[in-house]
Amino acid sequence: MRSLFALILAAMLAISVVAQQQQTPANEPPQQQSQPPKKPAKQPQQPKPEEPAAKPTESAPSQPEPKQGDDKKEEHFDMTEVAPVVTHHQMSLDGKTVKYTATAGRLPIKRGDGKIEAEMFFVSYSLDGQDASKRPLTFAFNGGPGSATIWLHMGALGPRHVALSADGFLPAAPYRVEDNPYTLLDKSDLVMVDAIGTGFSRAENMDMSKKFWGVKGDIQAFGEFIRMYLSRYERWSSPLFLLGESYGTTRAAGIAGHLAEQGINFNGITLLSMVLNFQTLEDTRTNDEPYIYLIPSYTMIAGYHHKLPADLQQDVNKARQEAEQWASGEYAQALAKADAMSAAERDKVITNMVRYTGLTKEVVDQANLRIDVPKFTHYLLLDQKVRVGRLDGRYTGPDPDGLLDTRFYDPTEANIIAPYNTVFNHYVRTELGYKTDMPYYVFAQQAGFDEKWDWGSAGEGFPDTASALRRAVVKDPFLKVLVMEGYYDLACPYYAANYTVDHLNLPEKYRAQISYATYESGHMVYLPTASLKKMKSDEAGFIEKAMASQ
């Protein structure tokens, strides 16, 4: 999440030169020097390796440390399988005692001859005494790329979560864990999965990591994990759901399309803070689309900080709707016309842009009508000498290196990283009994991870898994999709997500399979307690609706 595509543009520009000089191997995803793909290549079905006989046990695993070489690039991780740890718990939920089983461990990702190439860490929760054939099973993951699933796990879905203030802001240390009254566990069993290179998930070595660090390799790894989990835990007959956040939505759409080709269909897919088509997210000299889709989110954040004109400030949601119409109309036309605008036309656009963003006329003019996220977060509250958040525009904070000397800073991260990291590391080792000296990587720690992520073929344009989602939807008329959006999110603006869904080119009867839920919060909609409660209600209703289609 920290790296949420901030370096994609720089990578694209540099990669366009490299892509002419060398061809990127198809099996090396993340660490590659290639351009983002518009449509991921069709994935061949992977061979299904023989399953080992490892079974859950009650004892804690003895996790081997990586073998250190003289060169960090020579670092190797022991791929010996260790049985996962199983623990039993109970909590009070809606006045009832709920008993559940937690399983923490790593599943192997193998090549065709059975050799383990990587191991993916997971924590699963299952309600005791349930019929697996009727019990929903949800695979959940965060994004980045390069982020562990600590956020969904300890913030939204799990039976235990990080204790924050009611508005989601940073509490005083030491941080603590508490029962989550809005866990999804009463409606679905849960599997939280960490991408390779994050959490406790590791590939055998750096060269092997490259196979999984990219759009295609990442989707294949998660697809194989899901197949393996269904086999080992005998859940092939369960109703299946995916829940991805941020780049996790890119992954979820890709997984749905990839596994549909292997005969694995899902009952429902939840896309939280969605980005499927990166053309809506990454501006370039020849791509103005992202500026258009940011405007309504700017309006909401400016309203939250009381920076809108008085008439708009009276009803910020009405102002948001006006901003949507203006952005898609007059503003989009102005960006398309560009230098051909007359002085009068340009001045009119500047006046309206000031009205809907809360910025000054000088800033809009000097930015040539194109306000990206770093500019907006820097200038909105410049008079107060604080910056607003990118992941959540409600958050504010001074720039760590000074007002004019900090290139970019997101105060949201300062409010969430320490509580989540501290609480999870204690929780996984004590309550879940997963004993290991291995560090839990909240974000991928390998040098150059962001630049090495393989976005696909330079000849196909921007990364895109919307087409994979479309394939999954039209192949299964019972598949339901829920898009969750936070109005204060500048990392994955809600209006860009709406545009993507509206351009899936779905036949009319399939459009009813997609629904929306919106929140008065940011990228992690579940940070404020009120939004977490709504998210639980929305997801529970979505699962019930999807199950009714069976």
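# Exercises on a predicted model

N498 counts as buried, at 17% relative accessibility. The model is a predicted one, and the exercises below start from this residue.

**Exercise 1. Find which element holds N498, and which residues beyond its sequence neighbours it contacts.**

Solution. Start with the burial call: buried means under 20% relative accessible area, and N498 has 17%, so it falls on the buried side. Next, place the residue: N498 belongs to helix 15 (residues 494-502). Finally, set aside neighbours within four places in sequence; N498 is then in contact with E485 and Y516.

**Exercise 2. Decide whether Q513 is buried or exposed, and describe its surroundings.**

Solution. Locate Q513 first: the residue sits in the loop between helix 16 (508-511) and strand 14 (514-519). Its relative accessible area is 6%, so Q513 is buried. Now look for a polar partner: the Q513 side chain reaches the backbone oxygen of D476 at 3.4 Å. To complete the picture, leave out residues up to four places away in sequence; Q513 touches V473, D476, P477, L479, K480 and V481.

**Exercise 3. Work out where D94 and K385, each with a positive phi, are placed, and whether they are buried or exposed.**

Solution. Recall the background: most residues other than glycine have a negative phi. D94 is not a glycine, yet its phi is positive, about 55°. Tracing the chain puts D94 in the loop between strand 1 (85-93) and strand 2 (96-110). With a relative accessible area of 69%, D94 is exposed. Turn to K385, also not a glycine, with a positive phi of about 60°. K385 lies in the loop between helix 11 (373-379) and strand 11 (387-388). The cut-off for exposed is over 50%, and K385 has 58%, so it counts as exposed.

**Exercise 4. Locate the prolines that follow the cis peptide bonds from G144 and from A173.**

Solution. Again, a reminder helps: most peptide bonds are trans. The bond from G144 to P145 is cis, with omega near -5°. P145 is in the loop between strand 4 (137-141) and helix 2 (150-157). The bond from A173 to P174 is cis too, with omega near 0°. P174 is in the loop between strand 5 (160-162) and strand 6 (177-179).

**Exercise 5. Describe the largest nonpolar core, and name the residues with the most contacts inside it.**

Solution. Begin with the count: the largest nonpolar core has 61 residues, and F139 and F225 have the most contacts inside it. Its largest share, 9 residues, comes from helix 4 (residues 215-232). Then examine F139: beyond residues up to four places away in sequence, its contacts include V191, F225, I226, Y229 and L230. Apart from this core lies another, of 59 residues, among them F77, V162, V525 and Y526.

**Exercise 6. Check the spans of helix 5 and helix 17, then list their burial.**

Solution. Helix 5 (residues 247-260) has 14 residues, which should span 20 Å at 1.5 Å a residue; its end C-alpha atoms are 20 Å apart, so the two values agree. As for burial, 14 of the 14 residues of helix 5 are buried. Helix 17 (residues 529-548) has 20 residues and reaches 29 Å from first to last C-alpha, close to the expected 28 Å. Its buried residues are S531, L532, M535, K536, E539, A540, F542, I543 and A546.

Methods:
Residues are numbered from 1 along each chain as its sequence is written. This is a predicted model: local features need pLDDT of at least 70, side-chain atom pairs count only at pLDDT 80 or more; totals for chains, interfaces and linings use all residues. Side-chain values use heavy atoms; hydrogens and water are left out. Helices (H or I, at least four residues) and strands (E, at least two) are DSSP runs, numbered from the N terminus. Buried means under 20% relative accessible area, exposed over 50%, partly exposed in between (1.4 Å probe, protein chains only). A polar contact is a pair of N or O atoms within 3.5 Å; within protein, one must be able to donate a hydrogen and the other to accept it, and residues adjacent in sequence count only if both atoms are side-chain atoms. Contact means heavy atoms within 4.5 Å. A nonpolar core is a set of buried Ala, Val, Leu, Ile, Met, Phe, Trp, Tyr and Cys residues joined through side-chain atoms within 4.5 Å. The expected span of a helix is 1.5 Å times one less than its number of residues.
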